[in-house]
Amino acid sequence: MNDAPAIAAMSRQLIEHGLAWSWNEDRVERCLRNRDCVVLAARDRRRLVGFAIMEFYAVHAHLNLLAVQPGYQRQGIGRQLLDWLEASARTAGIFKVHLELRATNDGARVFYEKVGYRTVGRKAAYYDGREDALRMTRDLTVTSQSSTESQ
């Protein structure tokens, strides 16, 4: 099943709204073919309800995108996608994950903080030269409080 069109559409709608479209179908396809990139899809039967894209480098991983359809949010889907990617990073011997998110996206910032990410900086005008990004990172050698509570 080719998820590139649906993932690109979800990115446009849920992540890149109001910005130039960066994660179009071609870019998602390139990531699907790249052995250093993992693209995960979450489904309700056959319907795509969430996805995540992470690239793996020598000493860190970069979470490019993570989105869950509004009707499916707060059900643990995003957390499961992120847990799977982080476990993959650990298996590959990578213990740092970086990401950027819109500085105004408080919901995403709170989500990432709850699972152990911390803000390490701000990139001015990162998105389309007009919207700031927060840079966040997680040290995977440290277990977050929320993940120890769920065990």
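1. Is Tyr-126 buried, exposed or partly exposed? Keep in mind that this is a predicted model. Tyr-126 has a relative accessible area of 36%, so it comes out as partly exposed. Tyr-127, on the other hand, counts as buried because its relative accessibility is 18%, and the cut-off for buried is under 20%.

2. Now for the aromatics: there are three aromatic pairs in the structure. Tyr-126 and Tyr-127 make one of them, with ring centres 4.8 Å apart and planes at 85 degrees, so this pair is edge-to-face. Tyr-112 and Tyr-117 also pair edge-to-face, at 5.5 Å centre to centre and 70 degrees between the planes. Both Tyr-112 and Tyr-117 are buried, and ring pairs join them with Phe-111 in a cluster.

3. Tyr-112 turns up again at the largest pocket, which has a volume of about 1200 Å³. The lining has 42 residues, and those closest to the pocket centre are Ile-15, Leu-66, Asn-105, Ala-108 and Tyr-112. Strand 3 (61–68) gives the largest share of the lining, seven residues. Other elements supplying at least two residues include helix 1 (4–15) and helix 4 (106–114). By class, you get 21 nonpolar, 13 polar and eight charged residues in the lining.

4. Have a look at Thr-137 too, in strand 6 (residues 131–139). Thr-137 counts as buried because its relative accessibility is 7%. Its side chain reaches the backbone oxygen of Val-97 at 3.0 Å. Beyond its neighbours within four places in sequence, Thr-137 has contacts that include Lys-96, His-98, Arg-118 and Tyr-117, the last of these being part of the ring cluster from point 2.

Methods: Residues are numbered from 1 along each chain as its sequence is written. This is a predicted model: local features need pLDDT of at least 70, side-chain atom pairs count only at pLDDT 80 or more; totals for chains, interfaces and linings use all residues. Side-chain values use heavy atoms; hydrogens and water are left out. Helices (H or I, at least four residues) and strands (E, at least two) are DSSP runs, numbered from the N terminus. Buried means under 20% relative accessible area, exposed over 50%, partly exposed in between (1.4 Å probe, protein chains only). A polar contact is a pair of N or O atoms within 3.5 Å; within protein, one must be able to donate a hydrogen and the other to accept it, and residues adjacent in sequence count only if both atoms are side-chain atoms. Contact means heavy atoms within 4.5 Å. On a 1 Å grid over the protein atoms alone, a cavity is a set of points where a 1.4 Å probe fits but cannot get out, and a pocket is an open set with protein on both sides within 12 Å along at least five of seven lines; lining residues have an atom within 4 Å of a point. Grid points are joined across faces, edges and corners, and a volume is the space filled by probe spheres set on the points. Ala, Val, Leu, Ile, Met, Phe, Trp, Tyr, Cys and Pro count as nonpolar, Asp, Glu, Lys and Arg as charged, and the others, Gly among them, as polar. Rings of Phe, Tyr and Trp (its six-membered ring) pair if their centres lie within 6.5 Å; planes under 30 degrees apart count as stacked, over 60 as edge-to-face and the rest as tilted.
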